[in-house]
Amino acid sequence: HHRPARRRPPAARRNRAGLRAAVARRAEPGAWTYAGFRRTPPLPPDLTRQNDAIRRRTTTAYRSDTLAHLDAVLDVLAGRDLRLFLAPVSEAQRRVLADSGVAADFERWREDVARLATRRGVPLADLTGLGRSDPFDPRRGSTAIWLDNLHFTPVLGRRVRHPLRSQRHP
């Protein structure tokens with residue numbers, strides 16, 4: 001049985017195939033796939049505890065002047081179809097904020113972003129409460145919803161995507 005010779009793919013196809021192969025060889029946690037998705041393997045408790053400790057050392061008070069950067073970005077993107085969203089915040093991260101004495105700052109930040117979005121006429125979805133009922137304890141490692149205090153998995157990501165798709169300009 002004779003197999004016909006395969007034609008060599010165009011250069012662009014060869015490059016894509018090479019990129020796919022290179023991506024497939026990368027197996028470290030969090031590696032990006034060729035399709036643009038990130039692999040999110042569960043993190044062991046040692047790593048989620050370490051991430052929690054980092055959050056506790058690096059969490060700082062909110063400074064309202066930092067919103068000037070968002071305002072400047074909205075200037076650059078004026079006229080485009082934009083939707084802003086505030087990402088879900090885990091209960092573990094809310095505990096970090098409370099323990100650091102900046103929980104009120106978090107609420108003030110949410111209000112300030114909402115005021116800015118309203119002033120600029122940009123729809124805002126405040127999704128900070130999404131996933132709040134899904135428990136995450138850094139001492140136990142990742143869950144199906146939370147990778148660590150700040151990072152959620154594609155399971156919650158799909159729940160984030162839904163309100164953003166249905167959101168319309170005012």
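Angles between helices under 35 degrees count here as roughly parallel, over 145 as roughly antiparallel, 65 to 115 as roughly perpendicular and the rest as oblique. Each axis is a line fitted to C-alpha atoms, for helices over the stretch in contact, and angles run from 0 to 180 degrees between N-to-C directions. Helices themselves are DSSP runs (H or I, at least four residues), numbered from the N terminus. The model is predicted, with local features needing pLDDT of at least 70 and side-chain atom pairs counting only at pLDDT 80 or more, while totals for chains, interfaces and linings use all residues. Residues are numbered from 1 along each chain as its sequence is written, and side-chain values use heavy atoms, leaving out hydrogens and water.

With this in hand, α4 and α5 are a good place to start. Their axes lie 6 Å apart at an angle of about 115 degrees, and the two helices are therefore roughly perpendicular to each other. Arg-94, Leu-97 and Ala-98 of α4 are in contact (heavy atoms within 4.5 Å) with Ala-103, Phe-106 and Glu-107 of α5. This contact of α4 with α5 comprises four nonpolar residues (Ala, Val, Leu, Ile, Met, Phe, Trp, Tyr, Cys and Pro), two charged ones (Asp, Glu, Lys and Arg) and no polar ones (the others, Gly among them).

Helix α5 (residues 103-120) also packs with helix α3 (residues 67-76), at an angle of about 25 degrees and with axes 11 Å apart. That makes α3 roughly parallel to α5. The crossing of α3 and α5 is right-handed (the near helix is turned clockwise from the far one by less than a right angle). On the α3 side, Leu-67, Leu-70, Asp-71, Leu-74 and Asp-75 meet Trp-109, Asp-112, Val-113, Leu-116, Arg-119 and Arg-120 of α5. Six nonpolar and five charged residues, with no polar ones, make up the contact of α3 with α5.

Turning to α2 and α4, their axes are 9 Å apart at an angle of about 35 degrees. Asp-52, Arg-55 and Arg-56 of α2 meet Gln-93, Arg-95, Val-96 and Asp-99 of α4. By class, five residues of the contact of α2 with α4 are charged, one is polar and one is nonpolar.

Some of these helices also help to line the second largest pocket. Helices α2 (45-58), α4 (91-99) and α5 each supply at least two residues of its lining, and α5 gives the largest share, three residues. Of the 18 lining residues, Gln-93, Leu-97, Phe-106, Trp-109 and Leu-150 lie nearest the centre of the second largest pocket. Its lining divides into eleven nonpolar, five polar and two charged residues. Such a pocket is an open set of points on a 1 Å grid over the protein atoms alone, where a 1.4 Å probe fits, with protein on both sides within 12 Å along at least five of seven lines; lining residues have an atom within 4 Å of a point.
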